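The following exercises are to be worked through with the sequence and the three-dimensional structure at hand. Each task is followed by a solution in steps.

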Amino acid sequence: MKILIVGNMGYVGSVLVRELAARYPSATLHGYDNAYFAHCLTGADFLPERYLAQQFLGDVRDIPAGFFEGYTAVVQLAAISNDPMGDRFAAVTAEVNQYATVAMAKAAAQAGVENFVFASSCSIYGIALGAPRCEADAVAPVTAYACSKIAAEEALAGIEGDMVITSLRFATACGMSERLRLDLVLNDFVACALSQQHITVLSDGSPWRPLIDVSDMARAISWAIQRKPENGGRILNINTGSNERNHQVRDLAMAVAKAIPGTTLSINTQAPADSRSYQVDFSLFAKLAPEHQPKMTLLDSIMGVVNGLKGMKFTDAQFRTSRYVRLHALQAHIDEGRLSENLSWQIRNGVTPTDSPSSSPVTSMPVMEAKS
């Protein structure tokens, strides 16, 4: 196998390359990323990219024709990846999450790629009171991020040919990574408990969220890159997580406070209920991928982040303004002149794009030697 991971230098990709290297030791792994968050390493003893044979650097909105030739599977992780970033960069969110995803999939299909895996999201269910939502239920996206994900899914379903396309509707991510994010609900609660010994839930805590550990996300992707059409159909949109990991926000906060002695907790019971609340039914994923089911419990995920942050000697009570919150990492690039407002790099190899001769927008870095 020859596998391309697009968006490999982020929170999920940093864990995924390790999972795929272990599960498919004879496979050739390549990465493609714009390196927005390459510097956001957390407790890593070495670059996650050591598992790759090649690292390509470039913008997913500008991948050259023919780039996907020779790949067996393509995993599309690249995204403007949460609601605050989607609100701040609405146009770019559509360009990256939707248009670039569809363009990649079409090019991959033309190149003969066998499997295309898209990291979608359960956030497409948005406002979903009542019973847990299954794949046949109506969606109700309420943010630019969620809208871009469902629009990409709908367009992917129209791609003809033999390529197997799997859109993994992931539950809310959590857990430790070599490029940890602290703008995720469970990770945020753990960081608050360790740095402030207090967790404040700004809402009334009633909204439901399904969770999945980042390591279990990687396990699901490893299934999808070899999925056959007879196992779910050539085009498959599938909720990815486990029924046991549907939680109310207040219960997540309580679980973190219990796991970290000395943590106090306050919940704003007078706050209006957050309308973004959804439980999700993951029965189809359990049926189609029995050998790749989530293994991490809620406590496992909590303690993974606790141990990771303690290993980093983390004490930053102001972490919500740090680079561990992806919106702030992007804004810092913009403020210091590295990125434009449409999130294009302004300086490459010491010159601005207007000073640089016309060339391919992609550069590559061999990293095979780092594996030994």
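**Exercise 1: Strand E5**

Both faces of E5 are covered: Asn-115, Val-117, Ala-119 and Ser-121 are buried on one side, and Phe-116, Phe-118 and Ser-120 are buried on the other. The model is a predicted one, in which local features need pLDDT of at least 70 and side-chain atom pairs count only at pLDDT 80 or more, while totals for chains, interfaces and linings use all residues. Residues are numbered from 1 along each chain as its sequence is written, and side-chain values use heavy atoms, with hydrogens and water left out.

*Task.* Determine how many residues of strand E5 are buried, and which strands pair with E5.

*Solution.*

Step 1. Apply the accessibility classes: buried means under 20% relative accessible area, exposed over 50%, and partly exposed in between (1.4 Å probe, protein chains only). Strands (E, at least two residues) and helices (H or I, at least four) are DSSP runs, numbered from the N terminus.

Step 2. In strand E5 (residues 115-121), 7 of the 7 residues are buried, so this strand is largely enclosed by the rest of the structure. In a regular strand the side chains alternate between the two faces of the sheet.

Step 3. Two strands pair if DSSP finds at least two bridges between them. Strand E4 (residues 73-76) pairs with E5 in the parallel sense over 4 bridges, and Ala-73 has Asn-115 as its bridge partner in E5.

Step 4. E5 also pairs with E7, in the parallel sense over 7 bridges. Here the bridge partner of Asn-115 is Val-164 in E7.

**Exercise 2: Salt bridges**

*Task.* Examine three salt bridges and state whether the residues involved are buried or partly exposed.

*Solution.*

Step 1. A salt bridge is a side-chain nitrogen of Lys or Arg within 4 Å of a carboxyl oxygen of Asp or Glu. The structure holds 11 salt bridges.

Step 2. The side chains of Arg-169 and Glu-153 form a salt bridge, 2.7 Å from N to O. Arg-169 belongs to strand E7 (residues 164-170) and Glu-153 to helix H4 (residues 144-156), so the pair ties together parts that are 16 residues apart in sequence. Both Arg-169 and Glu-153 are buried.

Step 3. Between Arg-219 and Asp-216 there is a salt bridge whose closest N and O atoms are 3.8 Å apart. The two residues, Arg-219 and Asp-216, are 3 residues apart in helix H6 (residues 214-224) and thus separated by about one helical turn. Arg-219 is buried at a relative accessible area of 10%, and Asp-216 is buried at 3%.

Step 4. Asp-59 and Arg-61 meet through their side chains in a salt bridge of 2.9 Å, N to O. Asp-59 is buried, its relative accessible area being 13%, whereas Arg-61, at 24%, counts as partly exposed. Asp-59, Arg-61 and Glu-95 are linked in a network of salt bridges.

**Exercise 3: An open sheet**

*Task.* In what order do the strands of the 3-stranded open sheet lie, and which are the edge strands?

*Solution.*

Step 1. The order is E8-E10-E12, with mixed pairing.

Step 2. Strand E8 (172-174) and strand E12 (246-248) are the edge strands, each pairing on one side only. From one strand to the next the twist averages 50°; axes are lines fitted to C-alpha atoms, for helices over the stretch in contact, and angles run from 0 to 180 degrees between N-to-C directions.

Step 3. E8 pairs with strand E10 (residues 208-213) in the parallel sense over 3 bridges. Thr-172 stands opposite Leu-211 in E10.

Step 4. Pro-207 is placed in the loop between strand E9 (198-201) and E10. Pro-207 is buried, with a relative accessible area of 2%.

**Exercise 4: The whole protein**

*Task.* Assess whether the protein is as compact as a globular protein of its length.

*Solution.*

Step 1. The protein has 10 helices and 15 strands.

Step 2. Its radius of gyration (taken over C-alpha atoms) is 20 Å, close to the 21 Å that the globule rule (2.2 Å times the number of residues to the power 0.38) gives for 372 residues, so the protein is as compact as a globular protein of that length.

Step 3. The C-alpha trace spans about 55 × 50 × 40 Å along its principal axes. Of the 372 residues, 55% count as buried.
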